[in-house]
Amino acid sequence: MNDTERLFSYGTLQTESVQLSTFGRRLSGNRDALVGYRLRMIKIEDQDFVTTSGAEYHRNLEFTGSTSDFVEGTVFSVSQQELEQADAYEPDGYKRILVKLQSGTEAWMYSNPNQTS
């Protein structure tokens with residue numbers, strides 16, 4: 001794959017049905033974790049996303065800075081085009097940011113910095 005990117009998912013992008021509808025294929029990846037964050041559930045207002053994902057409440061990350069806090073997920077190898085497809089999939093308010101995972105891998109992930117509860 002040319003221009004391979006790493007994408008860390010701690011939520012719906014780990015689901016096969018979401019992968020198939022977003023990327024047209026099942027992604028393969030490796031388990032990893034993001035240290036210094038914890039999960040919070042937030043209500044999604046983007047009704048198209050709620051319909052696609054099948055749920056109104058979704059995981060969001062909250063930065064704590066504490067090494068005892070971590071969020072487990074999967075890091076996937078995706079193309080630049082697939083990364084842009086993931087951008088389009090994510091609900092309103094979610095932003096893509098570059099993070100360093102527990103393994104030392106740098107990967108993109110999505111979070112909504114404006115909602116922490």
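This report walks through the side-chain contacts around a hairpin, a helix and a strand pair.

We're looking at a predicted model, where local features need pLDDT of at least 70, side-chain atom pairs count only at pLDDT 80 or more, and totals for chains, interfaces and linings use all residues. Residues are numbered from 1 along each chain as its sequence is written, and side-chain values use heavy atoms, with hydrogens and water left out.

Helices (H or I, at least four residues) and strands (E, at least two) are DSSP runs, numbered from the N terminus. Two strands pair if DSSP finds at least two bridges between them. Strands β6 (residues 95-100) and β7 (residues 106-111) do that in the antiparallel sense, over six bridges. Five residues sit between them in the hairpin, and Gly 104 in the turn has a positive phi of about 100°.

Arg 96 shows up several times here. Its place in the hairpin is opposite Tyr 110 in β7. It also lies over the face of Trp 108, 4.6 Å from the ring centre; the test for that is CZ of Arg or NZ of Lys within 6 Å of the ring centre and within 35 degrees of the ring normal. On top of that, Arg 96 has a salt bridge to Asp 87.

A salt bridge is a side-chain nitrogen of Lys or Arg within 4 Å of a carboxyl oxygen of Asp or Glu. The structure holds five, including these:

| Acid | Base | N to O distance |
|---|---|---|
| Glu 82 | Arg 25 | 2.6 Å |
| Glu 62 | Arg 40 | 3.2 Å |
| Asp 87 | Arg 96 | 2.7 Å |

Glu 82 lies in helix α3 and Arg 25 in the loop between α1 (16-23) and β2 (29-35), so their bridge ties together parts 57 residues apart in sequence. Meanwhile, Arg 38, Arg 40 and Glu 62 are linked in a salt-bridge network.

For accessibility, buried means under 20% relative accessible area, exposed over 50%, and partly exposed in between (1.4 Å probe, protein chains only). Glu 82 is buried at 8%, while Arg 25 is partly exposed at 27%. In α3 (residues 80-89), Glu 82, Leu 83, Ala 86 and Tyr 89 are buried. They cover an arc of only 110° around the axis, which puts them on the same side of α3; the arc is taken from the directions from the helix axis to the C-beta atoms. Gln 81 and Ala 88, on the other side, are exposed.

Finally, there's one aromatic pair. Rings of Phe, Tyr and Trp (its six-membered ring) pair if their centres lie within 6.5 Å; planes under 30 degrees apart count as stacked, over 60 as edge-to-face and the rest as tilted. Tyr 37 and Phe 63 have ring centres 5.2 Å apart and planes at 70°, so they are edge-to-face. Tyr 37 is buried at 15%, but Phe 63 is exposed at 59%.
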